[in-house]
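Labels like "buried" or "edge-to-face" can feel like jargon until you see where they come from. Let's go through some of them, one question at a time.

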Amino acid sequence: MSAHKLVGLAGSFNRPSKTFALVENIAGLAGEKYGFDNTIYDLTDVGPSLGQALRRDDLDSRAREVIDDIVNADVLVIGAPTYKGSYPGLFKHLIDLIDPHELRAKPIIITATGGGDRHALMVEHQLRPLFGFFMSYTLPTAVYASDRDFTDYRVSSDPLSKRIGEVIDELEAFFPARNQALIAAE
């Protein structure tokens with residue numbers, strides 16, 4: 001049985017990044033549970049051609065490869081840092097270069113990070129409508145993490161870990177046979 005592909009995208013240029021750490025944590029746990037092949041990107045991986053591109057054809061080959069991986073993934077984990085109450089502009093620009101049909105019916109775990117709790121609804125008011133436009137399946141549990149949920153760029157809070165576990169369990173609706181096959185193999 002070939003592995004399904006999970007692609008994570010952290011909408012940040014910072015390295016290290018709490019957003020990348022969150023996406024990587026969720027992808028790793030989902031990969032363990034469902035046997036996904038994981039690839040995680042951030043905006044630095046997309047590279048400098050993103051800011052100059054008016055169309056996907058304007059991107060350099062590396063940026064086009066990242067978008068190809070995103071649209072060909074079986075499941076996505078999307079993370080965005082909260083910037084002035086929303087996601088960063090270049091993250092949105094990257095998403096704008098994807099044709100809406102390319103994400104149709106794709107399961108997506110939406111996540112965001114921010115300095116404090118006042119940005120917690122960013123996942124619901126910004127990311128869920130964005131991927132709703134693409135007619136993607138955003139999973140019911142969205143994951144928001146604030147600075148206090150991390151220690152040295154690692155998820156360290158029990159409430160956040162519980163939410164992550166809930167959203168990973170929700171993937172079973174899309175990959176039930178795979179999960180049962182993995183359990184049987186143990």
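Q: What makes helix H4 roughly parallel to helix H5?
A: In this predicted model, H4 (residues 89–96) and H5 (residues 122–133) pack at an angle of about 15 degrees, with their axes 12 Å apart. Angles under 35 degrees count as roughly parallel, so H4 is roughly parallel to H5. The crossing of these two helices is right-handed.

Q: Which residues make the contact between H4 and H5?
A: H4 brings Phe 91, Lys 92 and Ile 95, and H5 brings Leu 127, Leu 130 and Phe 131. Sorted by class, that contact has five nonpolar residues, no polar ones and one charged one.

Q: Why is H1 called oblique to H6?
A: The axes of H1 and H6 come within 10 Å and cross at roughly 45 degrees. Roughly parallel would need an angle under 35 degrees, and roughly perpendicular takes 65 to 115. The angle fits neither, so H1 is oblique to H6. H1 passes H6 in a right-handed crossing.

Q: Which residues does each helix bring to the contact of H1 and H6?
A: From H1 come Leu 22, Asn 25, Ile 26, Leu 29, Ala 30, Lys 33 and Tyr 34, and from H6 come Leu 160, Ile 164, Ile 168 and Asp 169. By class, this contact of H1 with H6 has eight nonpolar, one polar and two charged residues.

Q: How do you know that Thr 19 is buried?
A: Thr 19, found in helix H1, has a relative accessibility of 3%. Buried means under 20%, so Thr 19 counts as buried. Leaving out residues up to four places away in sequence, Thr 19 touches Ala 10, Gly 11, Ser 12, Gly 79, Ala 80, Pro 81 and Thr 113.

Q: Is Ala 73 buried or exposed, and what makes it so?
A: The relative accessibility of Ala 73 is 3%, so Ala 73 counts as buried. You'll find Ala 73 in the loop between helix H3 (61–72) and strand E3 (75–81). Not counting neighbours within four places in sequence, Ala 73 is in contact with Lys 5, Val 7 and Lys 106. Asp 37 is 36 residues from Ala 73 in sequence, and 9.7 Å from it in space, C-alpha to C-alpha.

Q: How many aromatic pairs does the rule give?
A: The count is seven aromatic pairs.

Q: Why is the pair of Phe 36 and Phe 175 called edge-to-face?
A: Their ring centres are 4.9 Å apart, and their planes stand at 75 degrees. Pairing needs centres within 6.5 Å, and planes over 60 degrees apart count as edge-to-face, so this pair is edge-to-face. The pair links distant parts of the chain, 139 residues apart: Phe 36 is in the loop between helix H1 (18–34) and strand E2 (37–42), and Phe 175 is in the loop between helix H6 (158–170) and helix H7 (176–185). Both Phe 36 and Phe 175 are buried, and ring pairs link them with Tyr 34 into a cluster.

Q: What kind of aromatic pair do Phe 133 and Phe 134 form?
A: It's edge-to-face, with 5.7 Å centre to centre and 90 degrees between the planes.

Q: Why is Phe 133 called exposed, and why is Phe 134 called buried?
A: Exposed means over 50%, and Phe 133 has 57% relative accessibility, so Phe 133 counts as exposed. Phe 134 has 3%, so Phe 134 counts as buried.

Key: Residues numbered from 1 in each chain as written. Predicted model: local features only at pLDDT ≥ 70, side-chain atom pairs only at ≥ 80, totals over all residues. Heavy atoms only, no water. Phe/Tyr/Trp six-rings, centres within 6.5 Å; stacked < 30°, edge-to-face > 60°. Helix = DSSP H or I, 4+ residues; strand = E, 2+ residues; numbered from the N terminus. Buried < 20%, exposed > 50% of the residue type's maximum accessible area, 1.4 Å probe, protein only. Contact = heavy atoms within 4.5 Å. Axes fitted to C-alpha atoms, helices over the stretch in contact; angles between N-to-C directions. Parallel < 35°, antiparallel > 145°, perpendicular 65-115°, else oblique. Left-handed = near helix turned anticlockwise from the far one by under 90°. Nonpolar A, V, L, I, M, F, W, Y, C, P; charged D, E, K, R; others polar.
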